[in-house]
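Subject: Handover of a structure and summary of findings

Dear colleague,

Please find below the structure that I am handing over to you. I would be grateful if you would keep it open while reading the notes that follow.

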Amino acid sequence: MGTGTTTEGNPPTQPSQPGQPEQTAAQSDANQGAGRWRNPHLIAVGALTLVMAALYCVFALAQLYRFRTSSYDLVIFDEAVRSYSHFLPGTSIIKGLHNGFGPHFSELGDHWSPILAALSPLYWIYSGPQTLLVAQAVLFALAIPPLWVFTRRAFGGGRKATVAAYLVSVAYALSWPIASALAFDFHEVAFAPLLIAIALERLQAGRLRTALIALTALLLVKEDMGLLVAGIGIYLAVARPRVVRRQLLVGCILIVAGLLDTVIATYVLIPAFGGRSDYYWAYTALGANGQQAVGHLITHPISSLKLLITPRVKLVTMLWLFGAFCFLPLRSPIALATIPLLLERMMANLFGNWWVTSYQYNAYLVVILACAAVDGAARLDRSLLFRRYLAGGRAGQLESPEAAAADGQDTGRVPEPRAGRGTPGTVALGCAAAMCAVAVFLLPRFGFGPALHPSFYRRTPAEKAEAAVAAAVPSGVVVAATNNVGPALSSRDTVLLWDGDGGTPPLGAPWVVANVRALQFTFHSVLEQKQRVALLERSGYRVVFRRRGYIVLHRSGPPRIAASVPFKVKPR
């Protein structure tokens with residue numbers, strides 16, 4: 001998959017990796033295609049991908065089985081993709097009603113994520129949130145093969161590079177950003193690691209056309225992916241040596257195109273589908289809009305920059321992001337691609353979920369950081385070998401002066417390497433092992449931690465009660481359900497949120513799943529929940545099931561919402 005010899009838009013003599021020297025006869029394997037898989041590696045990498053996809057599926061489906069998923073956000077995406085499968089525009093009634101946009105609201109008015117429509121054929125096979133969880137698991141795992149190829153090529157091919165490629169692949173697969181994303185429902189981020197991995201690997205190979213296709217698809221993932229594309233453009237603009245023809249021009253075009261895409265998606269496309277361009281404006285400390293924010297940044301740069309580490313959790317999250325890869329990304333220009341998305345999140349003074357290690361937001365950056373860490377390790381390896389050579393070390397020398405020149409050092413003439421413990425790849429292999437060890441060490445701390453205990457796969461008495469409550473609701477009805485029960489009903493019912501402070505009509509759904517014992521999402525107190533149940537009973541609802549604080553209520557008659565329900569799922 002790309003040798004750096006005959007490429008789309010790349011001269012034959014161009015090295016394939018930033019800072020990577022042209023290979024000598026001692027590295028003929030890399031010369032003939034570090035990304036060209038032999039059968040054993042094809043099978044091994046495929047097996048690793050399948051195993052991780054299966055483990056991800058088990059983890060995600062266990063979350064659903066244990067009622068650890070939520071209507072916000074799993075049911076939102078379930079309704080949207082089901083709508084696409086019915087050839088409708090991604091309608092999510094639960095989102096539209098709760099957030100005041102109406103029952104016919106398209107998810108495209110919330111986030112510009114038309115790529116979700118690609119999942120709609122899967123709903124012709126099975127229409128339910130399980131499909132989304134499995135699809136997300138597979139998509140995350142599919143980033144492993146291009147990352148493996150990237151790593152092996154970056155380290156020059158050969159045995160050490162191959163071992164390092166497997167170690168880095170495992171480090172990605174077990175990384176805490178992926179764990180956090182899998183632990184919180186389904187999101188459009190499922191597509192991002194795969195597309196980013198393809199783009200960076202193809203850029204490394206000099207295959208500009210394929211990389212641009214992947215980056216174009218990335219723009220369909222979410223409205224702010226233009227910022228990530230712009231970040232990749234920044235990397236290309238400053239990286240040396242170049243990996244594609246006219247790299248500075250390509251980088252500048254990506255910067256402009258990425259920023260323009262984010263502006264158009266936010267201010268034109270999202271409002272066109274019924275949303276608001278300022279709905280996620282989280283920078284009120286800088287101003288009421290983009291123009292005021294830019295003015296504040298110019299006139300008050302110091303106080304503005306303080307937002308990056310205020311509150312302290314922002315700094316902690318960034319340290320975890322780079323620390324997960326042993327801070328090696330700091331040695332690579334690829335890490336520059338993370339800057340726009342980090343600024344978007346960390347300059348905000350609202351939406352605290354953006355700043356933390358939980359949720360899905362860090363999964364957008366994990367492949368960039370993994371590739372930057374690989375590139376940083378390769379540069380470190382070459383730099384240390386060059387210094388040993390200058391110091392007269394006997395362990396080994398660099399294979400060519402271009403490698404040290406990539407790090408800005410004057411090499412003169414450097415002889416061919418000798419075999420030994422210090423030959424190229426030793427330090428890089430050690431770095432890959434360290435990244436893998438860190439990922440394994442952090443497993444218990446983040447999202448995958450609960451899955452390490454057998455109790456994770458068994459329902460508690462409270463969760464058994466939730467299952468009984470879900471079973472008490474018939475199929476093919478409109479039901480307003482508590483946040484954690486909604487996903488269990490979404491495959492067979494039209495689910496609304498049992499809503500405390502949103503726009504969902506309290507008497508709209510004929511069926512209601514309520515709770516009067518534990519505080520529920522969008523309510524401010526258990527007393528408020530009891531008052532809501534009392535209102536339902538006064539309004540003609542009768543209790544048909546009760547267990548461990550959960551209550552199922554029903555009234556006769558059709559749904560009473562502002563407009564008709566956009567579609568009903570068929571009873572199973």
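How many bridges join strand β1 to strand β3? There are two, and the strands β1 and β3 (residues 511–515) run parallel. Please note from the outset that this is a predicted model.

**The chain as a whole**

The protein chain contains 23 helices and five strands. Of its 572 residues, 57% are buried. Among the contacts in the chain with a separation of 6 or more, 73% are between residues 24 or more positions apart.

**The strands β1, β2 and β3**

Strand β1 (residues 478–481) also pairs with β2, in the parallel sense and over four bridges. Two of the residues of β1 may serve as landmarks. Val478 has Thr494 as its bridge partner in β2. Val479 has a bridge partner in β2, namely Val495, and another in β3, namely Trp511.

It is useful to recall a general point before looking at the side chains. In a regular strand, side chains alternate between the two faces of the sheet. In β1, Val478 and Ala480 point one way while Val479 and Ala481 point the other way, and all of these residues are buried. Strand β2 (residues 494–497) is likewise covered on both faces: Thr494 and Leu496 are buried on one side, and Val495 and Leu497 are buried on the other.

**Leu497 in β2**

Is Leu497, a residue of strand β2, buried or exposed? Its relative accessibility is 1%, and Leu497 therefore counts as buried, the cut-off being under 20%. Leaving aside neighbours within four places in sequence, Leu497 is in contact with ten residues that you can locate in the model: Ser71, Tyr72, Ile94, His98, Ala480, Ala481, Asn483, Thr504, Phe521 and Thr522. Ala480 and Ala481 in this list belong to the residues described above for β1. Ser71 deserves your attention as well: Leu497 and Ser71 are 426 residues apart in sequence, yet their C-alpha atoms are 7.2 Å apart in space.

**Two pairs of helices**

Two packed helices are described by the angle between their axes and the distance between the axes.

For helix α7 (residues 144–154) and helix α10 (residues 192–204), the axes come within 9 Å and cross at roughly 30°. Because angles under 35 degrees count as roughly parallel, α7 is roughly parallel to α10. Their crossing is left-handed. On the α7 side, the contact is made by Pro146, Val149, Phe150, Arg153 and Ala154, and on the α10 side by Ala197, Ile198, Leu200, Glu201, Arg202 and Gln204. By class, the residues of this contact are seven nonpolar, one polar and three charged.

For helix α16 (residues 313–323) and helix α17 (residues 339–346), the axes come within 11 Å and cross at roughly 155°. Angles over 145 degrees count as roughly antiparallel, so α16 and α17 are roughly antiparallel to each other. The crossing of α16 and α17 is right-handed. Here Lys314, Thr317, Met318, Leu321 and Phe322 of α16 meet Leu342, Arg345 and Met346 of α17. The contact of α16 with α17 comprises five nonpolar residues, one polar residue and two charged residues.

Yours sincerely,

A colleague

Note on methods
Residues are numbered from 1 along each chain as its sequence is written. This is a predicted model: local features need pLDDT of at least 70, side-chain atom pairs count only at pLDDT 80 or more; totals for chains, interfaces and linings use all residues. Side-chain values use heavy atoms; hydrogens and water are left out. Buried means under 20% relative accessible area, exposed over 50%, partly exposed in between (1.4 Å probe, protein chains only). Two strands pair if DSSP finds at least two bridges between them. Axes are lines fitted to C-alpha atoms, for helices over the stretch in contact, and angles run from 0 to 180 degrees between N-to-C directions. Angles under 35 degrees count as roughly parallel, over 145 as roughly antiparallel, 65 to 115 as roughly perpendicular and the rest as oblique. A crossing is left-handed if the near helix is turned anticlockwise from the far one by less than a right angle, and right-handed if clockwise. Contact means heavy atoms within 4.5 Å. Ala, Val, Leu, Ile, Met, Phe, Trp, Tyr, Cys and Pro count as nonpolar, Asp, Glu, Lys and Arg as charged, and the others, Gly among them, as polar.
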